[in-house]
Amino acid sequence: MQKTFNKYTIIIITIAISVILFINFLFHLNLLKTQQFNTFFAKTQQMIHTLENNRMELDLLRKNLDEDYLTRARAAAYVLDRQKDVSMDVAQMQYLADLLNVDELHIINENGIIASSSVSQYVGIDMADHKQTRPFLDLLGGDSEETYLIQEAQPNAAEDKIMQYVGVAGKGQIGVVQVGFTPTRQLEAQSRNTYDYIFSKFPTDIDEELFVVDISTQTVLGHSAGLHKDLNADCYRLDSLLDCEKGAYREGTDGTVMYVVSRRYDDVLLCAALPRSVLFQKLWKNMTATFFYLLFIETVIVFLLNYLIKRKVINGIHSIIGTLDSITKGNLDVEADVSGNREFEILSTGINAMVKSIVNLSDRISAIIEMSGIPLAAFEYERSINRVFVTSGLSRLLGLSEKEAALLYQNAATFDNYIRSVTRNPMKGEENIYRFAQDKYLQIYLSESSDGYLGVITDVTKDIRQKTLLHYENTHDPLTGLYKFDYFKEISAEILRKANPEKLSAVAMIDLDYFKSINDTYGHDAGDRYLQAFADVMKSMPEEHFLYARRSGDEFCMLLYDCVDSAEILSCLNAFYEALHKKEVLLSDTQSKTISASCGFVLTDNIENSITELLRRADEALYEVKRNTKGVYGEYHKGCRHSTNSFGFSI
């Protein structure tokens with residue numbers, strides 16, 4: 001009987017394993033293709049995002065530089081118009097070019113000849129002789145500031161070096177004033193928009209390929225491995241790539257089958273490819289692991305079934321006696337499971353039916369919780385039974401080992417003391433939420449009755465973290481880490497409401513000086529560093545007196561509170577400005593600058609003033625400071641808000 005049982009058991013389990021392996025093969029094959037498609041789609045999306053960002057950056061840079069270059073050209077024309085009676089030799093032209101911070105400066109006379117220049121070998125060049133210089137002849141005869149030409153960066157006529165020239169119509173004997181610049185920043189920005197540069201920033205997996213195909217010319221414009229690679233295979237031809245948007249197999253170099261995903265962007269196809277063999281390596285690895293896993297399960301099942309057939313009949317009576325003894329001691333988790341003959345099965349069924357009515361509620365709750373996947377557990381205690389009924393996930397939520405949990409559940413009084421110790425640390429502002437460990441929070445609901453109590457425990461750590469993070473993001477400026485303006489007003493109003501009447505406070509509005517010039521000259525990254533450095537100075541001030549926020553752009557505000565008198569407030573402001581003067585900000589590889597800021601403040605001597613009114617008055621004080629001088633602070637005085645004499649300035 002035992003041999004027959006083992007034979008059919010092995011046959012049935014083997015067939016089941018074979019079916020499982022086949023279904024698993026089909027499922028994982030489709031899953032791997034989907035995952036690879038999503039990976040390729042994400043990479044092409046990143047490439048598109050990078051191309052668009054680089055293009056926007058280049059357009060903005062060109063616009064800003066063109067405006068700056070045109071301003072310098074007009075300044076040169078203005079200076080030269082007032083020097084028309086002075087002969088401008090090369091040295092004088094170079095001196096003027098240095099003053100205007102331009103690389104080259106030329107004067108083109110009415111005949112189209114360079115009459116004066118900061119570069120000696122350019123003097124005497126006829127502008128009509130070269131296609132690069134010829135367009136500037138159209139400016140001759142114009143005398144309006146609107147008569148100008150901004151030329152794209154290109155090789156110049158004299159030395160074939162890359163330059164950008166800007167010309168404006170001069171007055172009097174000066175025909176055209178031309179300035180030249182080496183377009184270093186533009187060339188660097190253009191280099192970041194090449195496919196070779198973009199591919200260098202995208203790491204690829206083993207044997208993975210990224211490439212771009214021009215739709216109009218049907219040629220490969222760039223490849224992650226370089227254009228020296230053999231690009232004649234089907235997977236690089238436009239006609240075979242057009243229908244790969246959802247992923248398809250194409251023949252690659254040396255007959256290798258490639259899994260290819262293409263995506264159209266403007267006039268090019270962005271493509272990603274991976275050898276099918278690499279894709280299948282992942283599949284076979286998974287299938288091998290699954291096979292050995294199922295084989296191990298089959299071996300264990302056969303061994304256990306054989307063990308049950310041999311042993312359970314012999315030990316059946318002893319097992320039933322031990323089960324009954326355990327139940328009488330309060331261990332209702334035990335279940336009689338004796339098989340082998342009809343008598344043992346009937347007896348086991350009767351014992352289990354007797355216990356089932358006691359533990360039925362706990363089992364149902366456990367099953368529901370396990371199916372939901374929610375980090376939740378429940379427990380119940382009755383004083384008539386010295387044991388706690390719990391769901392299966394309770395020990396995991398409480399971080400208990402199986403041994404610790406078993407000891408805790410056996411004694412209701414011990415368990416009650418443990419739960420009460422957990423609920424001694426309620427979280428401020430939250431109902432029934434307790435800090436269980438350094439980074440773990442539990443929500444515990446207790447329902448007591450005359451017979452005992454029922455409790456539900458939920459792990460809300462993720463919700464608390466998300467709530468804390470959301471609160472921080474809603475109340476703090478992402479660039480500087482300072483409070484946002486609305487939250488600052490809310491906190492300031494609360495501080496002023498609770499302020500000691502014998503103490504004095506002040507509200508200050510601050511504006512960074514020359515910030516637009518820093519952004520225009522050194523770029524927005526330098527401007528961001530400048531803002532962050534200013535915020536660091538604000539955050540270095542003592543928290544017992546300073547509350548700070550970013551209002552918008554380069555505007556900030558502060559609340560100086562809990563000060564003895566106005567002298568202490570001025571001392572705090574002086575300390576703040578001393579820290580500013582010591583703060584050095586690196587704007588470029590060779591340029592740094594100390595922070596300059598203007599400030600207007602108002603004392604809160606009238607406790608009825610709202611924070612909105614105080615900010616308005618501080619803003620008026622700031623406006624007066626900016627109108628008269630910069631880099632200092634001034635105080636608002638009642639009754640004289642429009643008079644410059646009403647502001648006292650201090651450095």
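**Exercise 1. The largest pocket**

How do the residues of the lining of the largest pocket divide into nonpolar, polar and charged?

*Solution.* The model is predicted, so that local features need pLDDT of at least 70 and side-chain atom pairs count only at pLDDT 80 or more, whereas totals for chains, interfaces and linings use all residues. Residues are numbered from 1 along each chain as its sequence is written, and side-chain values use heavy atoms, with hydrogens and water left out.

Begin with the terms: on a 1 Å grid over the protein atoms alone, a pocket is an open set of points with protein on both sides within 12 Å along at least five of seven lines, a cavity is a set of points where a 1.4 Å probe fits but cannot get out, and lining residues have an atom within 4 Å of a point. Grid points are joined across faces, edges and corners, and a volume is the space filled by probe spheres set on the points.

The largest pocket has a volume of about 1,300 Å³. Of the 32 residues that line this pocket, those closest to its centre are Leu61, Leu65, Arg185, Thr521 and Tyr522. Two or more lining residues come from each of α1 (2-81), α3 (184-191), α14 (515-522) and α15, and α1 gives the most, with ten residues. Here helices are DSSP runs of H or I with at least four residues, strands are runs of E with at least two, and both are numbered from the N terminus.

For the classes, Ala, Val, Leu, Ile, Met, Phe, Trp, Tyr, Cys and Pro count as nonpolar, Asp, Glu, Lys and Arg as charged, and the others, Gly among them, as polar. The lining then divides into nine nonpolar, eleven polar and twelve charged residues.

**Exercise 2. The cavity**

Find the cavities of 30 Å³ or more and describe the lining of the largest.

*Solution.* A search of the whole structure finds one such cavity, and the volume of the largest cavity is about 100 Å³. Its lining includes His106, Tyr122, Met127, Asn156 and Gln178. By class, the lining has seven nonpolar, five polar and no charged residues.

**Exercise 3. A helix pair**

Describe the packing of α15 and α16.

*Solution.* Axes are lines fitted to C-alpha atoms, for helices over the stretch in contact, and angles run from 0 to 180 degrees between N-to-C directions. Helix α15 (residues 524-540) packs against helix α16 (residues 566-582) at an angle of about 140°, and their axes lie 10 Å apart. Contact, meaning heavy atoms within 4.5 Å, is made by Phe534, Val537 and Met538 of α15 and by Phe576, Ala579 and Leu580 of α16. These residues comprise six nonpolar, no polar and no charged.

**Exercise 4. Two sheets**

Which strands stand at the edges of the sheet β8-β7-β11-β10-β9, and which are the edge strands of the sheet that contains β12?

*Solution.* Two strands pair if DSSP finds at least two bridges between them. Five strands form the open sheet β8-β7-β11-β10-β9, with antiparallel pairing. At its edges stand β8 (220-223) and β9 (248-251), each with a single partner strand, so one side of each is left without a neighbour in the sheet. The twist of this sheet averages 35° from one strand to the next. Within it, β7 (residues 209-214) and β11 (residues 268-275) pair over six bridges, and Glu209 has Ala273 as its bridge partner in β11.

The other open sheet has the order β13-β12-β16-β15-β14, and its pairing is antiparallel. Its edge strands are β13 and β14 (433-437), each pairing on one side only, and its twist averages 25° from one strand to the next. Seven bridges join β12 (residues 376-382) to β16 (residues 452-459), with Leu376 partnered by Thr458, while three bridges join β12 to β13 (residues 388-390), where Tyr381 stands opposite Val388. Helix α11 (residues 412-422) lies across β12, β13, β14, β15 (440-448) and β16, and runs at about 45° to β16.
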